[in-house]
Amino acid sequence: MKDFLQLAHDRYSVRGFDGRDIPQEDIDKIIEAGMVAPTGVNFQPIKIWVFKSAEAREKLVSCTKMKFIEPAKVIFAVGADPSHAWNRPFDGKNFADIDAAIVITHMMLEIHDLGYGSTWIGHFDPGALAEYFPETKDYSIVGLLPVSGIAMEPSERHTKYKPKDELVTEM
């Protein structure tokens with residue numbers, strides 16, 4: 001693996017995919033990165049779906065207006081099950097969606113480290129997704145993660161950050 005900060009700086013949301021096939025060995029590494037992600041009390045209230053067939057990907061893409069993901073040969077969906085997540089005892093906050101977000105982040109970093117591109121798709125119709133794929137209906141689908149080779153350079157927004165004093169307060 002590269003130096004982590006370099007990896008974090010280099011990874012960006014890809015909106016242009018080349019349609020390259022993803023070998024099963026790499027799919028397995030991406031899944032493993034999600035499986036080893038830390039979750040509240042290690043309850044792992046998540047589920048990862050892997051959409052590989054053309055038919056499944058077509059149905060999945062129809063649930064979003066983000067049509068630029070069509071060339072991706074693999075699309076992951078990560079869902080959270082709030083009934084199996086840790087709840088903070090002080091206020092009852094449920095950590096299912098947070099746990100799923102950590103899983104997706106681990107997967108995105110592994111995807112980049114393997115030399116592929118991805119982006120977190122949050123703009124999709126969960127009702128349509130559950131209609132096409134009933135096995136997802138009991139989960140809060142936190143994101144879709146298309147994976148393919150990269151067919152674009154990062155946008156200039158990728159390297160624009162707020163100043164540290166706006167984001168960080170040391171006490």
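Me: Helices (H or I, at least four residues) and strands (E, at least two) are DSSP runs, numbered from the N terminus. In which loop is Q44 placed?

Reply: This is a predicted model, in which local features need pLDDT of at least 70, side-chain atom pairs count only at pLDDT 80 or more, and totals for chains, interfaces and linings use all residues. Residues are numbered from 1 along each chain as its sequence is written, and side-chain values use heavy atoms, with hydrogens and water left out. Q44 sits in the loop between α2 and β1.

Me: What is the value of phi at Q44?

Reply: Q44 is partly exposed, at 40% relative accessibility (buried is under 20%, exposed over 50%, partly exposed in between; 1.4 Å probe, protein chains only). The residue is not a glycine, yet its phi is positive. That phi is near 50 degrees.

Me: Which residue in the loop between α2 (24-35) and β1 is exposed and has a phi of about 55 degrees?

Reply: The residue lies in the loop between α2 (24-35) and β1. Its phi of about 55 degrees is positive although the residue is not a glycine. With a relative accessible area of 53%, the exposed residue is V41.

Me: Within what arc do the buried residues of α3 fall?

Reply: In helix α3, residues 54-61, the buried positions are A56, R57, L60 and V61. Seen down the axis of α3, these buried residues line one face of the helix, because the directions from the axis to their C-beta atoms fall within an arc of 130 degrees.

Me: Which residues of α3 are exposed on the other side?

Reply: The buried side of α3 holds A56, R57, L60 and V61. Its cover (contact means heavy atoms within 4.5 Å) includes β1 (46-51), β2 (74-80), α5 (126-132) and β4 (140-148). On the other side of α3, the exposed residues are A54, E55 and E58.

Me: Which are the edge strands of the sheet?

Reply: The sheet is open and has four strands (two strands pair if DSSP finds at least two bridges between them). Their order is β1-β2-β4-β3, with antiparallel pairing. An edge strand here pairs on one side only, and the two that do so are β1 and β3 (117-118).

Me: How many bridges join β2 to β4?

Reply: In the order of the sheet, β2 is followed by β4. Across this pairing, F76 stands opposite L145 in β4. The strands β2 and β4 run antiparallel, and the number of bridges joining them is seven.

Me: Which residue of β4 stands opposite S118?

Reply: S118 lies in strand β3. Two bridges join this strand to β4, and the two run antiparallel. Opposite S118 in β4 stands V147.

Me: What is the relative accessible area of S118?

Reply: Leaving out residues up to four places away in sequence, S118 touches R11, Y12, S13, V14, F17, M108, I111, L145 and P146. S118 is buried, and its relative accessible area is 2%.

Me: How many of the nine residues of β4 are buried?

Reply: β4 is joined to β2 by seven bridges and to β3 by two. β4 also belongs to what covers the buried residues of α3. The strand is largely enclosed by the rest of the structure, because the number of its nine residues that are buried is eight.
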